[in-house]
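I open this notebook to record what I looked up in one structure. The entries follow the order of my reading.

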Amino acid sequence: MLIGTEAQAAVRAPGQESRAAARVAELDRRLGDPTDESNELSYARLLEADEAGELSKPGERALDELSLGADFVPRAEGGRLERLDTLVRVMRQVFRRDVALGLGYGVTSFMAAVNVWTSGDTAQRARLAKILNRGGKVSVAYHELAHGNDFVRNEFEARPTEGGGYLLNGAKQVINNAERADAWVLFGRTSPAPGSRSHSVLLVERDGLDTGSWQVLPRYDAVGVRGCLLSGLRFDDTPVRASALVGEEGKGVETALRAFQITRSALPGMAVGTTDTALRTVVRFALGRQLYRKSVMEIPHARGTLSGAFADLLTCDSLSLAATRAVHLLPEQTSVFAAATKYLVPKVLTDAMHELSIVLGARFYIRDGEHGIFQKHLRDMPVLSLGHAGSAACQATIIPQLSRLARRSWFSDEPAPAELFQPRTDLPGLPYDRLTLASGRDGLSATLVAAVDRLPGVSPEERAVQMLALQLVDELRQVQEASRALAPGDRTALAGPATFALADRYAVLLAAASAIGVWQQASRDGGDAFLADPAWLAAALHRLVRRLGRRPAELPASVDARMHEEVLRRFHTRTSYDLYDTPLAG
């Protein structure tokens with residue numbers, strides 16, 4: 001049964017929100033209380049599977065029963081996918097328990113599928129939907145270890161044949177679920193000519209392949225996500241039909257980059273659930289552990305660390321919300337928002353977990369027991385910064401757009417629409433055909449600029465927000481000046497370290513703008529008293545300003561008191577440490 005903020009929203013909300021809240025509750029109820037050791041999906045059992053290098057069999061069985069694959073399929077194709085932010089909320093329930101299960105069971109399939117939803121024809125979409133709706137898996141193979149994220153240098157071939165179709169030759173490495181996938185989305189060279197027009201995307205189904213001409217390569221051992229089945233594929237003149245081609249021949253890079261805008265926006269927000277569990281674990285420890293004749297929770301540094309991690313979770317969820325909803329509302333601007341989200345959110349969440357590990361102390365190193373899930377989540381989290389769209393690749397997406405944004409957008413664009421920051425408001429369908437590879441517009445930063453003149457300054461918390469927002473706008477102006485001054489060589493992926501640092505500063509500013517937008521909308525609709533309180537925004541902006549290397553003034557004591565109160569309330573009432581305050585099984 002839904003309770004609290006989530007339940008109130010579900011009762012009064014239109015159909016989309018009702019379906020989203022019900023689906024989140026359904027997953028949480030089926031997966032059960034992870035702190036209950038009698039639960040087959042408890043942290044204790046998940047840790048045992050991790051130690052064995054396996055995905056949780058009960059976990060996969062539960063997700064099969066829940067038909068999770070249908071959450072990756074658009075409603076038009078017979079699935080449940082209608083809103084990207086809803087998918088994030090659904091998968092957050094899996095990620096808060098086990099990153100490996102989230103990646104290994106389904107997110108890899110989603111990462112593969114968006115290429116087909118974006119550029120595939122009717123028959124391809126129908127075939128892929130059938131696989132996922134019945135619980136099958138699909139792998140995506142972008143990588144070649146020799147070339148990393150430099151796609152245009154990939155050597156894997158899909159050579160066109162005279163009679164139509166293609167011959168696959170070469171190897172792809174570090175593919176999740178390669179061995180058990182029903183189909184693979186392969187990125188390959190269809191022309192020997194140099195440049196980005198030489199590559200294409202193919203949807204290759206296992207059934208009907210010449211069994212003697214391809215093989216699955218040995219499994220990789222991994223430091224994190226040990227249960228994920230990471231291996232590779234090798235093909236030797238393996239024939240596939242012409243109907244395997246996704247989109248137009250030679251448009252593979254464009255297809256992949258459009259797909260990245262969706263996956264980069266969505267995946268980081270799922271990981272908020274992972275750090276939610278880390279914070280919850282340390283709160284439990286701090287309340288129960290005595291030190292210097294006090295509970296750890298009573299030690300100011302420990303208390304401040306917990307409140308800071310909570311502020312970071314709210315910041316990351318705000319940026320995730322803006323990015324996922326922008327895919328629906330501002331698809332022409334999504335390229336830079338998605339890259340910034342994929343770059344910054346895993347980084348902030350990982351930093352927060354490292355800070356929390358200090359409070360946990362020696363127990364951080366223990367691999368089992370009540371606190372063992374913490375070390376597993378800390379090992380697994382960095383995987384989200386790697387893969388097909390690692391941190392440097394995301395910065396490399398932002399860098400070429402900085403000078404254009406500096407000239408055309410910053411301090412002149414209209415603010416983003418209010419709906420971008422409203423977690424429970426309906427959205428139009430995903431406009432795959434309107435996603436663009438680059439943008440000269442940025443309504444999110446405009447929200448930050450516009451807010452400075454509209455922020456109230458009555459209470460001490462509001463005045464703190466005002467001062468922090470002014471510093472952030474000053475930072476945006478400095479980023480604008482530096483971006484305008486970039487030399488031609490620093491407007492590419494081969495830019496120097498200072499330009500990569502500039503992309504980092506810009507991502508932090510987008511996070512700040514997102515948090516301000518969320519607070520403004522919450523203040524206007526009055527649906528969530530905590531999100532309407534300026535205390536959390538002051539805490540979030542203070543940490544972002546410090547991340548930028550500045551030294552903001554100390555916050556009023558009331559800010560820490562309010563954050564601490566909410567940390568404890570959500571722990572004791574078992575609700576999530578994100579924007580949704582969702583009831584949890586444990």
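**Entry 1: Cysteines**

I began with C228 and found that its sulfur lies 19 Å from the closest cysteine sulfur, in C394, which is too far for a bond. The model is a predicted one. The cut-off I applied for a disulfide is a pair of cysteine sulfur atoms within 2.5 Å. I then looked up C394 and noted that it is in no disulfide, the nearest cysteine sulfur being that of C316, 14 Å away. For the structure I recorded 0 disulfides.

Are C228 and C394 buried or exposed? I read a relative accessible area of 3% for C228, which is buried. For C394 the value is 0%, and this residue is buried too.

**Entry 2: The whole chain**

I turned next to the overall fold and counted 18 helices and 10 strands in the protein chain. The radius of gyration is 23 Å, close to the 25 Å that the globule rule gives for 586 residues, so the chain is as compact as a globular protein of that length. Along the principal axes, the C-alpha atoms fill a box of roughly 75 × 60 × 45 Å.

I noted that buried residues account for 62% of the 586 residues. Of the contacts between residues at least 6 apart in sequence, 77% join residues at least 24 apart.

**Entry 3: Surface and charge**

I looked up the exposed area of the protein chain and found about 21600 Å², of which carbon and sulfur atoms supply 52%. The chain carries 69 positive and 70 negative charges, and I recorded that their mean positions are 2 Å apart.

**Entry 4: Helix 14**

How many of the 9 residues of helix 14 are buried? I found 8 in residues 443-451, so this helix is largely enclosed by the rest of the structure. The buried residues are G443, L444, S445, A446, T447, L448, A450 and A451. I then asked what covers these residues, and the cover includes helix 10 (300-329), helix 11 (334-360), helix 15 (460-484) and helix 16 (497-525).

**Entry 5: Two positive phi angles**

I checked S67, which is not a glycine yet has a positive phi of about 50 degrees. I located S67 in the loop between helix 4 (57-65) and helix 5 (84-95). Its relative accessible area is 29%, and S67 is thus partly exposed.

I also checked R574, again not a glycine, and read a positive phi of about 55 degrees. R574 is in the segment after helix 18 (557-573). I noted R574 as partly exposed, at 37% relative accessibility.

Methods: Residues numbered from 1 in each chain as written. Predicted model: local features only at pLDDT ≥ 70, side-chain atom pairs only at ≥ 80, totals over all residues. Heavy atoms only, no water. Helix = DSSP H or I, 4+ residues; strand = E, 2+ residues; numbered from the N terminus. Rg over C-alpha atoms; globule rule 2.2 N^0.38 Å. Buried < 20%, exposed > 50% of the residue type's maximum accessible area, 1.4 Å probe, protein only. Contact = heavy atoms within 4.5 Å. Areas by Shrake-Rupley, 256 points an atom, 1.4 Å probe, with all protein chains shown as cover. Lys, Arg positive; Asp, Glu negative; His and termini not counted. Charge placed at Lys NZ, Arg CZ, Asp CG, Glu CD.
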